[in-house]
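Visitor: Please give me a close look at one topic, the salt bridges. Go through them pair by pair, then say what lies around them.

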Amino acid sequence: MYTDRVMDHFSNPRNMGAVEDANGVGMVGNAKCGDIMQMFLKINDDGIIEDVGFKTFGCGAAIATSSMATELIKGKSVDDALALTNSAVVEALEGLPPAKLHCSVLAEEAVHAAIDDYYQRKGMPSPVAKPGEHTHDEHCEHCDIDDEA
């Protein structure tokens, strides 16, 4: 059911825990499945993510996607982190069962929420898409947004 990489990130999560001096913190959740993710970013003056952490309440896939998302953005620029998609998280984990793809969407949204918080704290306009500006990808049917409305 789960790939070896998913099981590794679930059993040995990377970057788990709060970053005490984080200057960007975001929390997202999905009431339908009960998964809640909180992402912590420490971004330096050059816009590089020096440290990242997460706290996730949820299933193994939620923990694995949180862990992988932190690995994909740590040491990267804010712009690179903004480009993170749920598809990239799924690909890096070598796949997720269809019923668990929503976890990768939450991981993407948690990163973006933390970046949005960073910009708000700096008093700068946020480049993060707001509700209604969501960029959809092939797995977007799991984010509960109806394109046809």
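Guide: A salt bridge here is a side-chain nitrogen of Lys or Arg within 4 Å of a carboxyl oxygen of Asp or Glu. The model is predicted, with local features needing pLDDT of at least 70 and side-chain atom pairs 80 or more, while totals for chains, interfaces and linings use all residues. Numbering starts from 1 along each chain, and side-chain values use heavy atoms, without hydrogens or water.

The chain has 149 residues. It contains 5 helices and 3 strands (DSSP runs: H or I of at least four residues for helices, E of at least two for strands, numbered from the N terminus). Read from the N terminus, the order of these elements is α-β-β-β-α-α-α-α.

The whole structure holds 6 salt bridges. Start with the one in which aspartate 117 pairs with arginine 121, where the closest N and O atoms are 2.7 Å apart. Both residues belong to helix 5 and sit 4 residues apart, about one turn of the helix. Aspartate 117 has a relative accessible area of 18%. That makes aspartate 117 buried (buried is under 20% relative accessible area, exposed over 50%, partly exposed in between, with a 1.4 Å probe and protein chains only).

Next comes the pair of lysine 42 and aspartate 21, with closest N and O atoms 3.0 Å apart. Lysine 42 is in strand 2, and aspartate 21 is in the loop between helix 1 (4-11) and strand 1 (24-30), so this salt bridge ties together parts 21 residues apart in sequence. Lysine 42 is partly exposed at 26% relative accessible area, and aspartate 21 is partly exposed at 45%.

A further salt bridge joins the side chains of aspartate 51 and lysine 74, at 3.9 Å from N to O. Aspartate 51 is in strand 3, while lysine 74 is in the loop between helix 2 and helix 3, so the parts tied together are 23 residues apart in sequence. Aspartate 51 is partly exposed, with a relative accessible area of 28%. Lysine 74 is partly exposed as well, at 35%.

What lies around these pairs? Take isoleucine 49, which is found in contact (heavy atoms within 4.5 Å) with both lysine 42 and lysine 74. Once its neighbours within four places in sequence are left aside, its other partners include Leu41, Ile43, Ile73 and Ala81.

Isoleucine 49 also leads to the largest nonpolar core. This core has 36 residues (buried Ala, Val, Leu, Ile, Met, Phe, Trp, Tyr and Cys joined through side-chain atoms within 4.5 Å). The residues with the most contacts inside the core are Met37, Met39, Leu41, Ile49, Ile73, Val111 and Ile115. At least two core residues come from each of strand 2 (35-43), strand 3, helix 2 (60-73), helix 3 (78-82), helix 4 (86-92) and helix 5 (101-121). Helix 5 gives the most, with 10 residues. In soluble globular proteins, nonpolar side chains tend to be buried together.

For the chain as a whole, 47% of the residues count as buried. Among contacts with a separation of 6 or more, 60% are between residues 24 or more positions apart. Phenylalanine 57, by contrast, lies in strand 3 (residues 49-57) and counts as exposed, with 60% relative accessibility.
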